[in-house]
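User: I have a structure open and want to go through a few local features. Can you take my questions as they come?

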Amino acid sequence: MALNMGHRADTQALFLRLALLFLCLACCWCQGLQDSIVLPTFHFTHPLYNATVYENSAARTYANSKIKMGITIVHRSWDIKYRIISGDEEGFFKAEEFVMGDFCFLRIRTKGGNSAILNREIQDNYLLNIKASVRGEDLEAWTKVNIQVLDMNDLRPLFSPTTYSVTIAESTPLRTSIAQVTATDADIGSNGEFYYFFKEKVDTFSVHPTSGIISLSGRLNSDEKNRYDLEILAVDRGMKLYGNNGVSSTAKLFIHIERINEHAPTLRTVTHTPSLLDIDPTFAVVMVEDLDEGANGEIESLSIVAGDPLDQFRLVKVSGSNEYRIKATKTVDWDHFPYGYNLTLQAKDKGAPQKFSAVKVVHLFVDRPKPVEVKFEKREYKVKLSEVSPPGVTVALVKLSPEPPDVEYRLSPSEDSQSFAINSLTGLITTTQKFDILTKEHFELEVMELETQLKTKVSITVEDANNHTPVFVQPSYECFVNESIAVGTNILTVSATDSDRGENGYITYSIATLQSLPFAINQFTGAISIDSELDFESSSESFTFVVRASDWGSPYRRESEVNITVHLENVNDNKPLFEKIACQGVISQDFPVGGQITTVSAIDIDEMELVKYKILSGNEQGFFDLNPDSGVLLLMKPLITAKVKNGVFNLKIIATDGENFSDPMFVNISIVHGKVSSKSFSCRETRVAQKLAEKLMKKAKANTAPKIEDAFIDLYSVNRQTPQFDKSFPSEISVQEDLPVGASVYQIKAWDGDTGFNGQVMFVITDGNKDSCFDINMESGLMSVLIPMDRERVDRYLLNITIYDLGSPQKATWRLLTVNIADANDNTPQFLQESYSVILPENTILGTEVVQVEATDKDLGPNGKISYSIISSMTPFAVNSSTGIIYVAGQLDRELKESYHLKVEARDKAEKGHQRYSVVSVKISLDDINDCPPIFIPNGYSAKILEDLPIGTVIAWLETQDPDLGVGGQVRYSLANDYNGRFEIDKASGVIRLGKELDYEKQQFYNLTVRAKDKGRPTSLLSVSFVEVEVVDVNENFYAPYFLDFALMASVKENARIGTSVLQVTARDDDIGRDGEIQYSIRDGSGLGRFTIDEETGVIYTADMLDRETTPSYWLTVYATDHGVIPLYATIEIYIEVEDVNDNAPLTSEPIYHPSVMENSPKDVSVIQIQAHDPDTNSGDKLTFRISSGNPQNFFVINSKTASSMKFQRSLLCYIHYLHINSTGFASHSLLFVRINTICTHLPNSIS
């Protein structure tokens, strides 16, 4: 028991020490937590603020800033002070503090007392360095405030200079700027704006209200008034708007009107180039113009001041105008002045002082025929002519350029000219004979024109044609050839020559035969060689054939032939051949000696040579004898004594012609005993005799066969037939006269039954081509145009067409061809006059005839019929297509168009091809009548004017156009309604001025009806237009809204409903009307979106649910804005504090606690300290604690104020207690799991 008690005491002491240790650790942790807390910072919301204040502001005027200037108050104990450290050397400003809520505002104001007044024109900006400090604490902060001094309209405009003087001409056009006055105002923006206007009403001039430009707005007359003294005021717009028309600046303008001879005369010239044959020609027309009026615009004279040293020209003035014509005073010496005269003209007016025009140089020239160099088109004509050209072929066409009307060409007599002829009228050179290049290749002709004696050369080169046939060197060729000669051996060479050149003279050879020959010929060398083996025995003993020599000419080759004979010589080149071979027979042993056993026979093809026979082997015992000539085999000994193997004799026999040996044949003789009925031999036939017979027959046939070539007629060398015209050849043809040179006229067809050159047809025009209009292609027969035709001069040609062949002898035939020239539309209609001119009143009625134009055409039929038309577009005139009479077809109006330049076309009626036409100019001028009212330009007018423009300001310039001439075009203006004199109009110039001041608030729009009336007689015409005048509102918003307070504070319960009224702000505006109407808005602050404001009343309402525990207060920046043209505004800062309500339950520091306690702990031992708090304000000291469940035996107790849990006596191992914490109105619960640690009270057994 004592042991247990001691053990318990030790355990309690241990727990006490541990508890103390934990307590110390907790204290240390809390101290460290306090040390780690960061102190609140002390600083301005921005390092730089911008604020504004007006110049000339009274004392204690506060500067305005768009944002809050100052420092947020973290501790309510702070007493913040602001002080200007630098930037205010003159001492204009003072810094003040204003505290509201959690913010200390920095306010900058002007000082009072004897401080100087702010003047923007001296200094418009101040940068102040501000220091903030907390009284009693070592806290400081710095910021800068940029004070912008705003302009006040405290200065008036000043003229510089104050006096102006100008001199203008009486003829100065309306709207001309004649002077400009200038003034300046040192104020800026709208305060520096001012208006110019005349001190007294002036109609003749106007001044632009902003630029100061003085313009002419009325007609000047120096006789009525030659000087204007005007006073111009410059009035500040601000003063005018404020209703103060007091002090303004004045400038004086002196305008002198002079009748100035301002413009010098100007010259316009139109030169004319007359013909040398013209009578009293006009060389130029000079128009003199002067823009001045009256005497200053009248021309006194126009003179020739230089360029006419011989006084050959004079100036003639056209009556009633300033037009002068330059004419000759006498015959002009153009020969010494071939390039014309340069006259220098000058005019002078009648002004004072007189003015001279700039000199004008006029080049006078006369249309003299220019000396044209007549020459041949070519210095030398080079022509190539075919050698086979027949007489009459075109060689060349020589021409003079330009060609005189009576030209006559001749060939200068020479040896070469005898071969040619020339058409004296056209210059066409043709051939008169045939040509041979071997005789003469080049011809040089000289052509001379008789009248001009001009000459040219024609160089003719005859080009080689294939007109020569190859000629063999020998008339025939013969040779002998051994039949054994080798294949490929040349046996003979033939040769031919050709006098032509190039390919025409290049020869190739060929064997011209239809039979097969054992020969071949080299086509280039003419060498004849053996083409296959020769055999005398089987072929003809001689060969006769033709070799042909051909040139390479075009279009046909010329060829000649020569006979070749080749004799074949025999050679012993065949060996004898046995008729029978391999003979076998049987004879009796007692065959008689001398008896004929058999006969062998051999044949030699070579000319049937004699054959000799001989036994080569098998007769060694001499039993047999072979006759060498006949081939008979005889028995020479009795056979009884014969000893042969197997009783058979094998005889080997040959035959020879003395040079060649045959192949051996064998005769096998069998010996038998007894009688043989008959000798019997069997042999194999070789059919040699049959083959020999066939050869002999073939040879005989070859020798007796006729020559195939003999059956053919020589078609190449004989020209048998005359060329013939085709049956379709006409007797006459028709040709359009406008066919161009080179165009095809007719294809002449002809034929010739011969072949080659004998059948080649050549075409020539041999007669009737007197104008050389036609040419014919020598080879194709195509007739074409050589020189243009003219039906109006010659309408028919009778041509002799001759055709030739190229055979030898040459044959020809001819036919006559009539060529009718059909009319072509090649003449253009020609008007009888170069131009037409007529004057017509503009009110001429429709259908009135104006003028007749007429043209002629030389062509025939439809080609010569003429139709008239007007090709000018959009014209009120028409023309009779048949008569050419022009008449009025539409409404005339001189004001739209005072003259018409018509283009009248005369076109023929050609049915084929293009129609031809010519055009003539017809000028129709219209006389004026007063038929047009004035027309406003534009149709209507609109103007926007500021309501504060000064009286007399020009608000519109009316402009009209009256195209009538004279008094019918003079316009006067008037207003139908001037709105009680608010608007005035100048009758002559149409200038509309402001007659009275305007007020936008009273009337914003005016619709002026303006009239324009001319002075036409007998009746005048009137037009009406409208001028819409819109009055533009001028900013009269002089005063900005203002709040009586700088800032306001309000409060609202945090449980206030949305839409709860918090506060009403009120601003004032000293303006009247719309400019004084105020609209409220919230544009900034932490409460933006939480609160809203009524735009009209300024009542602030909640716009969202509030929660003081989240945000205890809000700042709002409220704007009060007026409805001026340029809106002005003021701001006020609103501080709203959210008042607390008990709307939160208390919260423990942990939701679950796990304390432990020893089971024998004494009474009142502290188990755990519970921490709790309530977010609501002032609820912390009202918290109460109690154990709500889990303590049925009341082992634990909790202090209702401090939340300390106590143990009374031993309990179970573990108790779970529910701790209930209560505050006023709200409660929360936490769980405590209390563990009871058991103490061991029994010692181990080993100890006892």
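User: Which residue does R325 form a salt bridge with, and how far apart are the closest N and O atoms?
Analyst: This is a predicted model, and in it R325 forms a salt bridge with E323. The closest N and O atoms are 3.3 Å apart.

User: Is E323 buried or exposed?
Analyst: Buried: E323 has a relative accessibility of 19%, and the cut-off for buried is under 20%. R325 is at 36% relative accessibility, so R325 counts as partly exposed.

User: How many salt bridges are there in the whole structure?
Analyst: A search of the whole structure gives 38. As background, side chains of opposite charge can pair when their charged atoms come close.

User: What does K580 form a salt bridge with?
Analyst: With E685; the closest N and O atoms of that pair are 3.6 Å apart. The pair links distant parts of the chain, 105 residues apart. K580 belongs to strand 44 (residues 580–588) and E685 to strand 52 (residues 680–685).

User: And how exposed is E685?
Analyst: E685 is partly exposed, with a relative accessible area of 49%. K580 also counts as partly exposed, at 41% relative accessibility.

User: Moving on to R791. Where is its place?
Analyst: R791 sits in the loop between strand 59 (782–785) and strand 60 (796–805). R791 has a relative accessibility of 13%, so R791 counts as buried.

User: Which side chain does the side chain of R791 make a polar contact with?
Analyst: That of D823, at 2.8 Å. R791 also takes part in a salt bridge with E792, where the closest N and O atoms are 2.9 Å apart. E792 is partly exposed, with a relative accessible area of 31%.

User: Which residues do the shared salt bridges join into one network there?
Analyst: E737, R791, E792 and D823, through salt bridges that share partners.

User: What else does R791 touch?
Analyst: Leaving out residues up to four places away in sequence, R791 touches E737, I821, A822, D823, K858 and L860.

User: Now the hydrophobic side. How many residues has the largest nonpolar core?
Analyst: The largest nonpolar core has 30 residues. Those with the most contacts inside this core are V395, V398, F420, I429, V447, V458 and I460.

User: Which elements give two or more residues to this core?
Analyst: Strand 26 (380–386), strand 27 (394–397), strand 29 (409–411), strand 30 (420–422), strand 32 (442–449), strand 33 (455–463) and strand 57 (761–767).

User: Take V398. What is V398 in contact with, leaving aside neighbours within four places in sequence?
Analyst: F376, Y381, Y409, I422, T426, G427, I429, V447 and V458. Apart from this core lies another, of 29 residues, including A63, F92, C104 and V149.

User: Next, the sheet with strands 3, 5 and 6. What is the order?
Analyst: The order is 3-6-5, in an open sheet of three strands with antiparallel pairing. Strand 3 (70–72) and strand 5 (93–100) are the edge strands, each pairing on one side only. From one strand to the next the twist averages 20°.

User: How many bridges join strand 3 to strand 6?
Analyst: Three, and strand 3 runs antiparallel to strand 6 (residues 103–110). One bridge partner to note is F103 in strand 6, which pairs with T72.

User: Backbone oddities next. Which residues does a cis peptide bond join?
Analyst: One cis bond joins S160 and P161, with omega about 0°. P161 is in the loop between strand 9 (158–159) and strand 10 (163–169). Another joins I937 and P938, again with omega about 0°. P938 is in the loop between strand 71 (935–936) and strand 72 (941–946).

User: Why flag those, and what about positive phi?
Analyst: They are flagged because most peptide bonds are trans, and most residues other than glycine have a negative phi. D311, not a glycine, has a positive phi of about 50°. Its place is the loop between strand 20 (299–306) and strand 21 (313–317), and D311 counts as exposed at 56% relative accessibility.

User: And N980, what is its phi?
Analyst: Near 60°, a positive value in a residue other than glycine. N980 is in the loop between strand 75 (971–975) and strand 76 (983–985). N980 is exposed, with a relative accessible area of 62%.

Notes
Residues numbered from 1 in each chain as written. Predicted model: local features only at pLDDT ≥ 70, side-chain atom pairs only at ≥ 80, totals over all residues. Heavy atoms only, no water. Pairing = 2+ DSSP bridges. Helix = DSSP H or I, 4+ residues; strand = E, 2+ residues; numbered from the N terminus. Axes fitted to C-alpha atoms, helices over the stretch in contact; angles between N-to-C directions. Core = buried A, V, L, I, M, F, W, Y, C linked by side-chain atoms within 4.5 Å. Buried < 20%, exposed > 50% of the residue type's maximum accessible area, 1.4 Å probe, protein only. Contact = heavy atoms within 4.5 Å. Polar contact = N/O pair within 3.5 Å; in protein donor to acceptor, adjacent residues only side chain to side chain. Salt bridge = Lys/Arg side-chain N within 4 Å of Asp/Glu carboxyl O.
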